[in-house]
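Student: I have a structure open in front of me and would like to learn how to read it. Could we go through it together?

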2 protein chains.
Amino acid sequence: MNVKDSTTYRPLNTYTKLMRAAESVTARVSRCMSEDSLTVSQFGVLEALYHKGPLCQRDIAVKILKSTGNITLVIDNLEKRNLVRRERDSADRRYLTVHLTAAGTELIALVFARVEEAIVSEMASLTTAEQELLGRLCKKLGIKKGGSATKS
Amino acid sequence: MNVKDSTTYRPLNTYTKLMRAAESVTARVSRCMSEDSLTVSQFGVLEALYHKGPLCQRDIAVKILKSTGNITLVIDNLEKRNLVRRERDSADRRYLTVHLTAAGTELIALVFARVEEAIVSEMASLTTAEQELLGRLCKKLGIKKGGSATKS
DNA sequence: AAGGTATAATTTGATATTAAACTATATGAC
DNA sequence: GTCATATAGTTTAATATCAAATTATACCTT
């Protein structure tokens, strides 16, 4: 085992565990969504509208970390099921404001409650103190200091 | 704030931070892959072959947590670029063993080194002790105890 | 050996995803 | 007012992804 190995082992090992944990928790939680034929992205859009009120597509894209082209399609699919509706902004006609319909509100309330319950159950593998600690460590990881961040 | 809120807040908050950390680290690390026009899945396949030697498609699917249908396509795309080749197993003709080509070996060696470096740089936001702790917490989360696991 | 069951891989149909090109609209400089 | 630039959204082409149906092969039981 050379110098590089010993410097590299721990970060790679931690990275792998982080990814596995995220994937495995996501896989289980997303079953609550597919029960009502919602994809993770569709859920993300509905949830954003549910908690923030009507939003334009760009704001939704930023919120759920997807491209605007993608949002167009996801909203299309939600609109086909009458869960949301688009409304052209009269002041600036470039904007489309997306609203939850009554059916959409009803569905997301139901599914969100189920997801919330699943998340609580997932996190029950950890004590409250461990959860706080995990949250703090994750937050440090998310913030990339130095080097090449997304925007310079 | 009712009883539910106080029981629910911490798990949801931790969950969100975990997901954000995983997404944001993945986004940065995967840039090392796209520099050579490799997707995350393509990288996963090449890396599995690089470190474990030739594998059949099912084993690759299990290793990178994807469906076998998906693997068929990913291998197709890698084969088009001459990075891997399929070989029919002569003993059991249902199996296709996937091998790295010379070009594939060369590419994955290069890209893996770059990814490794990026991961080390990502994890440098945490001390070694914090990394160990994060790894331990993630491992606990991945293992779902009690309740409804994938198979009943 | 024939029939049933199991397994590896492929195909199909639907949704997701991005990057890049493109359209429509708005805004600022002149 | 006109042109340049910026911004919101759509479209397109490529890859990913899954679930479910299908195909080919193997194995097991009788």
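Tutor: Happy to! Let us start where the protein comes up to DNA strand C: at least two residues of that surface are supplied by each of α2 and α4 of chain A, and likewise by each of α3 (57–64) and α4 of chain B. Keep in mind that this is a predicted model.

Student: Which element gives the most to the surface near DNA strand C?

Tutor: That is α4(A), with 5 residues.

Student: And which residues come nearest to DNA strand C?

Tutor: There are 23 residues around DNA strand C, and the nearest are Ser41(A), Gly69(A), Gln57(B), Arg58(B) and Gly69(B). Sorted by class, the surface near DNA strand C holds 6 nonpolar, 11 polar and 6 charged residues.

Student: What about the other strand? Which residues are closest to DNA strand D?

Tutor: DNA strand D is surrounded by 23 residues, and the closest are Gln57(A), Gly69(A), Thr72(A), Ser41(B) and Gly69(B). The elements that give two or more residues to this surface are α3 and α4 (68–80) from chain A, plus α2 (40–52) and α4 (68–80) from chain B. With 5 residues, α4(B) gives the most to the surface near DNA strand D. The classes there are 6 nonpolar, 11 polar and 6 charged.

Student: Now the two chains. What turn lays chain A on chain B?

Tutor: A turn of 180°, with a shift of 0.0 Å along the axis, lays chain A on chain B with an RMSD of 0.0 Å. That is the relation of a two-fold axis.

Student: How many residues does each chain bring to the contact?

Tutor: Chain A brings 42 residues and chain B brings 43 residues. On the side of chain A that touches chain B, the elements giving two or more residues are α1 (3–34), α5 (102–123) and α6 (128–142) of chain A. The largest share of that side comes from α1(A), with 17 residues. By class, the side of chain A that touches chain B has 18 nonpolar, 11 polar and 13 charged residues.

Student: Why can we say that the copies meet through the same surface?

Tutor: Because 100% of the interface residues of chain A are also interface residues in chain B.

Student: Let us look inside chain A. How are two packed helices described?

Tutor: Two values are used: the angle between their axes and the distance between the axes. Try helix α2 (residues 40–52) of chain A with helix α3 (residues 57–64) of chain A: they pack at an angle of about 115°, and their axes are 10 Å apart. The crossing of α2(A) and α3(A) is right-handed.

Student: Which residues meet where α2(A) packs on α3(A)?

Tutor: From α2(A), Ser41(A), Gly44(A), Val45(A) and Ala48(A) meet Ile60(A), Lys63(A) and Ile64(A) of α3(A). This contact has 4 nonpolar, 2 polar and 1 charged residues.

Student: At what angle do α2(A) and α4(A) cross?

Tutor: They cross at roughly 80°, and their axes come within 10 Å. Therefore α2(A) and α4(A) are roughly perpendicular to each other. Here Ser41(A), Gln42(A) and Val45(A) of α2(A) meet Val74(A), Ile75(A), Asn77(A) and Leu78(A) of α4(A). The contact of α2(A) with α4(A) has 4 nonpolar and 3 polar residues, and no charged ones.

Student: And how do α2(A) and α5(A) lie, roughly perpendicular or roughly parallel?

Tutor: The axes of α2(A) and α5(A) come within 10 Å and cross at roughly 105°, so the two helices are roughly perpendicular to each other. In this contact, Phe43(A), Leu46(A), Glu47(A) and Tyr50(A) of α2(A) meet Gly104(A), Thr105(A), Ile108(A), Val111(A) and Phe112(A) of α5(A). Its residues are 6 nonpolar, 2 polar and 1 charged.

Definitions and conventions:
Residues are numbered from 1 along each chain as its sequence is written. Chains are lettered from A and ligands numbered from 1 in the order in which they are written. This is a predicted model: local features need pLDDT of at least 70, side-chain atom pairs count only at pLDDT 80 or more; totals for chains, interfaces and linings use all residues. Axes are lines fitted to C-alpha atoms, for helices over the stretch in contact, and angles run from 0 to 180 degrees between N-to-C directions. Helices (H or I, at least four residues) and strands (E, at least two) are DSSP runs, numbered from the N terminus. A crossing is left-handed if the near helix is turned anticlockwise from the far one by less than a right angle, and right-handed if clockwise. Two residues are in contact if their C-beta atoms, placed from the backbone, lie within 7 Å. Ala, Val, Leu, Ile, Met, Phe, Trp, Tyr, Cys and Pro count as nonpolar, Asp, Glu, Lys and Arg as charged, and the others, Gly among them, as polar. Copies are superposed by least squares on the C-alpha atoms of residues with pLDDT of at least 70 in both. A residue is near a molecule or strand if its C-beta atom, placed from the backbone, lies within 6 Å of it. Angles under 35 degrees count as roughly parallel, over 145 as roughly antiparallel, 65 to 115 as roughly perpendicular and the rest as oblique.
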